[in-house]
Amino acid sequence: MQQFWSVPRVTRRAWKVWHRNLVVFLRTWKVNFFPPLIEAFLYLFAIGLGIGSYVREIAGVPYVNFIAPAILAISVMNSAFFECTYGSYVRMYYQKSFDAMIATPLSIEDVIAGELLWGATRSMLYVLIMLPVLVAFGVISLPLSLLAVPLAFLGGLMFAGIAMCFTAITPSIDTLNYPSFLLITPMALFSGTFFPITLLPVLFQYIALAILPLTHLVAIMRMLTLPALSGVVVLHLTWILIVTAIFCIIAIKLMRRRLII
């Protein structure tokens, strides 16, 4: 048990795995560029302007401005989670990319760490694409909202770690539908995204703050983009850092156990 919780030995070779995934991403940049761009427009028009015509303000903030940081946070969650579940599973099981890389001087820890770093990078790239759209619509404030880019990397790393844990224990790619529907979808709805968590029953407010990672990411994003920074940001950031470290360590250990078996 003590060995399981020890810090994995990851070397700089992990960036080789990251670079491999980046090259593949750039080769299909047209397919990868447009989804987050279109997603930003869809959310703004369908929810921000549609529902926003009925819900004018929340706590003195125009509704479209209220949901703008949530759009970024949900994109961070989705891009990292699905990259390190379905994407990583395909590379591991169907393409046998993991086996090929482990046959080189790369260790299992390097390969999985590289996958986690790439999941975080993909989240950051999605925010970089969506940010100019939100700025153009005037729903977020500069320059503080530029900090959403490094925050996206950290949030992406957190969700990449959570995702890789599911990838390590799933018996088949179809089983990955369960965390998608039972974890990701509820988080996208009940983490203070489209309405404040204070509207939830008190018990559910505590659950959202205690176990839903997206709640903390949305809170920080909102502080950066409105902007409305306060000392609470330290608590949210500390929570994210601790959870990120825990899940990344668990993910690497679980994947090592799976790949060795």
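**Entry: helices α5 and α6**

I looked first at helix α5 (residues 108-136) and helix α6 (residues 148-169), whose axes lie 7 Å apart and which pack at an angle of about 140°. For this I took helices as DSSP runs of H or I of at least four residues and strands as runs of E of at least two, numbered from the N terminus, with axes as lines fitted to C-alpha atoms, for helices over the stretch in contact, and angles running from 0 to 180 degrees between N-to-C directions. That angle makes α5 oblique to α6, given that under 35 degrees counts as roughly parallel, over 145 as roughly antiparallel, 65 to 115 as roughly perpendicular and the rest as oblique. I noted the crossing of α5 and α6 as right-handed, the term for a near helix turned clockwise from the far one by less than a right angle, with anticlockwise giving left-handed.

The contact (heavy atoms within 4.5 Å) includes Ile112, Leu116, Gly119 and Leu131 from α5, and Ala148, Phe153, Gly156 and Met164 from α6. I found its residues to be 15 nonpolar, 5 polar and 1 charged, where Ala, Val, Leu, Ile, Met, Phe, Trp, Tyr, Cys and Pro count as nonpolar, Asp, Glu, Lys and Arg as charged, and the others, Gly among them, as polar.

**Entry: how I read the model**

This is a predicted model, in which I relied on local features only at pLDDT of at least 70 and on side-chain atom pairs only at pLDDT 80 or more, while totals for chains, interfaces and linings use all residues. Residues are numbered from 1 along each chain as its sequence is written, and side-chain values use heavy atoms, with hydrogens and water left out.

**Entry: helices α9 and α10**

I then turned to α9 and α10, whose axes come within 9 Å and cross at roughly 140°, so that these two helices are also oblique to each other. Their crossing is left-handed. Among the residues making this contact are His216, Leu217 and Met223 of α9, together with Val232, His236 and Trp239 of α10. I recorded 10 nonpolar, 2 polar and no charged residues in the contact of α9 with α10.

**Entry: loops and backbone**

In the loop between α5 and α6 I found Pro143, which is joined to Leu142 by a cis peptide bond with omega near 5°. A cis bond also joins Leu226 and Pro227, with omega about -15°, and Pro227 sits in the loop between α9 (213-225) and α10 (232-260).

I checked Ala59 in the loop between β1 (57-58) and β2 (61-62), where its phi is near 55°, a positive value in a residue other than glycine. Ala59 is exposed at 81% relative accessible area; buried means under 20%, exposed over 50% and partly exposed in between, with a 1.4 Å probe and protein chains only. Lys96, in the loop between α3 (63-94) and α4 (97-102), has a positive phi of about 60° and is partly exposed at 43%.

**Entry: the whole chain**

I listed 10 helices and 2 strands in the protein chain. Buried residues make up 52% of its 261 residues. The radius of gyration is 19 Å, which agrees with the value near 18 Å for a compact globule of 261 residues, taken over C-alpha atoms with the rule of 2.2 Å times the number of residues to the power 0.38.
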